[in-house]
Amino acid sequence: MGIFKKKTVKPIPEECRGMEIKIMSSTCTGEKTIGFYNRNTREIMYPELVKSDSDIDAFYEKYGLER
């Protein structure tokens with residue numbers, strides 16, 4: 001058991017390749033989510049909750065993308 005873990009980069013899901021990454025905010029609660037934006041259905045795929053800028057950075061690092 002080590003203190004430092006090797007960061008593993010997940011591959012971008014096949015159905016999300018070529019999609020843009022978008023942050024959306026809820027009208028009612030103001031809760032923000034980040035994910036791959038599907039323009040055809042106007043929804044976010046693989047959404048994750050955003051509480052701070054570090055959550056956005058973590059999403060990009062998770063998939064090995066540049067911000």
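Here are some questions and answers about a predicted model of a protein chain.

Reader: In what order do the elements of the protein chain run from the N terminus on?
Author: Start with what there is to place: the chain has 1 helix and 3 strands. The strands are β1 (20–25), β2 (32–38) and β3 (43–50), and helix α1 covers residues 53–62. Reading from the N terminus, that gives β-β-β-α.

Reader: Which residues of helix α1 are buried?
Author: Buried here means under 20% relative accessible area. In the whole chain of 67 residues, 21% pass that test. Within α1, they are Ile56, Phe59 and Tyr60.

Reader: Why do the buried residues of α1 line one face of the helix?
Author: An α-helix has 3.6 residues a turn, so residues three or four places apart point the same way. Now look at the buried ones in α1, which are Ile56, Phe59 and Tyr60. Seen down the helix axis, they line one face because they fall within an arc of 95°.

Reader: What do the buried residues of α1 pack against?
Author: Packing is about contact, with heavy atoms within 4.5 Å. For the buried residues of α1, the partners are strands β1, β2 and β3.

Reader: Which residue just after α1 takes a positive phi?
Author: Helix α1 spans residues 53–62, so to speak the place to start looking. Just past the helix, a phi of about 65° turns up, and the residue that takes it is Gly64.

Reader: How far apart do the centres of the positive and negative side chains lie?
Author: The chain carries 12 positive and 11 negative side chains. Take the centre of each set, and the two lie apart by 2 Å.

Note on methods
Residues numbered from 1 in each chain as written. Predicted model: local features only at pLDDT ≥ 70, side-chain atom pairs only at ≥ 80, totals over all residues. Heavy atoms only, no water. Helix = DSSP H or I, 4+ residues; strand = E, 2+ residues; numbered from the N terminus. Buried < 20%, exposed > 50% of the residue type's maximum accessible area, 1.4 Å probe, protein only. Lys, Arg positive; Asp, Glu negative; His and termini not counted. Charge placed at Lys NZ, Arg CZ, Asp CG, Glu CD. Arc of directions from axis to C-beta.
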